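Here is a short tour of a few local features for your bench notes. Please keep the sequence and the 3D view open as you read.

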Amino acid sequence: AMHMYAISTRPIIDQLDEISDTSITKQCWYADDSSAVSTLDELKKWWLHLCKIGPGYGYFPKASKSILIVKEEHLTTAQNTFQGTGLIITSKGQRHLGAVVGTTEYKNNFVDSKI
């Protein structure tokens, strides 16, 4: 079943590539978990397009379960850029597909909590 799901998300991935600057925007998908890395403006364009086209494929992004991780110096800009989207925005870190992304302190705390 997993391979069928992967095939069914391919059109979403392709459409997001079409509207993105793929030289700076990189996507990562695992089953129904999607993620992207880029500039804030590109990420907003990517997110809004995902929310627009996803439901047509049975994919319903939930802002309340989606986390934007940025460096501390970009936090205010990210909050302004994504205002009204409902995304969770952090400069500390977050678990991502079983690993952890974020500051050294956040990663150390995460690992310590597992030991």
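The report below looks at a hairpin, a surface patch and one strand residue.

This is a predicted model, where local features need pLDDT of at least 70, side-chain atom pairs count only at pLDDT 80 or more, and totals for chains, interfaces and linings use all residues. Residues are numbered from 1 along each chain as its sequence is written, and side-chain values use heavy atoms, with hydrogens and water left out.

Let's begin with the hairpin. E5 and E6 run antiparallel and are joined by four bridges; strands are DSSP runs of at least two residues, numbered from the N terminus, and pairing takes at least two DSSP bridges. Across the pair, Arg 95 sits opposite Val 100 in E6. Two residues separate the strands, and Leu 97 in the turn has a positive phi of about 50 degrees.

Leu 97 also helps make a nonpolar surface patch of about 400 Å², together with Met 2, Tyr 5 and Tyr 30. Such patches join nonpolar side chains within 5 Å, from residues with over 30% relative accessible area and no salt bridge (Lys or Arg side-chain nitrogen within 4 Å of an Asp or Glu carboxyl oxygen).

Two residues can be set side by side, with buried meaning under 20% relative accessible area, exposed over 50% and partly exposed in between (1.4 Å probe, protein chains only).

| Residue | Relative accessible area | Class |
|---|---|---|
| Leu 97 | 42% | partly exposed |
| Thr 90 | 16% | buried |

Thr 90 belongs to strand E4 (residues 88–90). Its contacts (heavy atoms within 4.5 Å) include Ile 67, Val 70 and Leu 75, leaving aside residues up to four places away in sequence.

Key
Patches are made of residues with over 30% relative accessible area and no salt bridge: like charges are joined within 9 Å, nonpolar side chains (Val, Leu, Ile, Met, Phe, Trp, Tyr) within 5 Å. Accessible areas come from the Shrake-Rupley method with a 1.4 Å probe; for residues, only the protein chains shown count as cover.
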